[in-house]
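Please look over the packing and the backbone of this model with the notes below at hand. The points are numbered so that each can be checked against the coordinates.

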Amino acid sequence: MTDSSPLPEIDAAWNFNRPDASEAAFRAMLPAAHASDDRDYRAQLLTQIARAQGLQMKFDDATATLNEAEALLRPEDRVARVRLFLERGRVLNSSNRQEESKAYFREAWDLARAAGAHGLAVDAAHMMGIVETGDSSIAWNREAIAYAEQSTDPRARRWLGSLYNNLGWTYHGAGDAATALDLFRKALAAREIEGKTDLIRVGHWCIARALR
């Protein structure tokens, strides 16, 4: 007999400043996931437990959790598979295996777009921007921005503030203050839409830094 009550929204349980607390929150959601017999949901939940473990530098535990998630996957579980690829890539990247991580992020990028998982597609492109270097890194960040700008999915568009800001600092570091300033202004506009006071304050500081 399965439980038909609504399952908790997975991403809402994240506290990126406290991955240990996030892991505990996700584990508290596991009994409901098991009771529902929703394999896709349970696999997605396990990938986020693995992400929290990776952020705590528990890479072996994260890999074992991802193996558990992968064992649940069926061909139709495309979003769960995207999450699996993303988290396998993140574990590899965080454990100084950047070259190995790239294949997973590219797979996540392709599959997320095919599945219409726009927020995860932007995440994958953003991760490619992190693991690549030089012009390739900039190109991936531009790809992530273009995809998020064209999307109507709020989960994709909420990436824009961070993407503009990160790319702005790349140009600032390269001595291109004009391009950096344009990106910082876009970042501030995105932050103002989000309405988060601390990020808005940072946005103003970045603009001031580029102007200086």
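1. Leaving aside neighbours within four places in sequence, W109 is in contact (heavy atoms within 4.5 Å) with A121, A124, A125, W140, E143 and Y147. This is a predicted model, in which local features need pLDDT of at least 70 and side-chain atom pairs count only at pLDDT 80 or more, while totals for chains, interfaces and linings use all residues. Residues are numbered from 1 along each chain as its sequence is written, and side-chain values use heavy atoms, with hydrogens and water left out.

2. W109 is also among the residues with the most contacts inside the largest nonpolar core, which has 40 residues; the others named there are V82, L86, V122 and Y164. Such a core is a set of buried Ala, Val, Leu, Ile, Met, Phe, Trp, Tyr and Cys residues joined through side-chain atoms within 4.5 Å, where buried means under 20% relative accessible area, exposed over 50% and partly exposed in between (1.4 Å probe, protein chains only).

3. Two or more residues of this core come from each of α4 (78-94), α5 (98-115), α6 (118-131), α7 (134-150), α9 (160-173), α10 (177-194) and α11 (197-211), the helices being DSSP runs (H or I, at least four residues) numbered from the N terminus. The most is given by α6, with 8 residues.

4. A second, separate core has 22 residues, including A43, L45, A50 and L72.

5. Most residues other than glycine have a negative phi. D37, in the loop between α1 (19-36) and α2 (39-55), has a positive phi near 60° and is partly exposed, with a relative accessible area of 49%.
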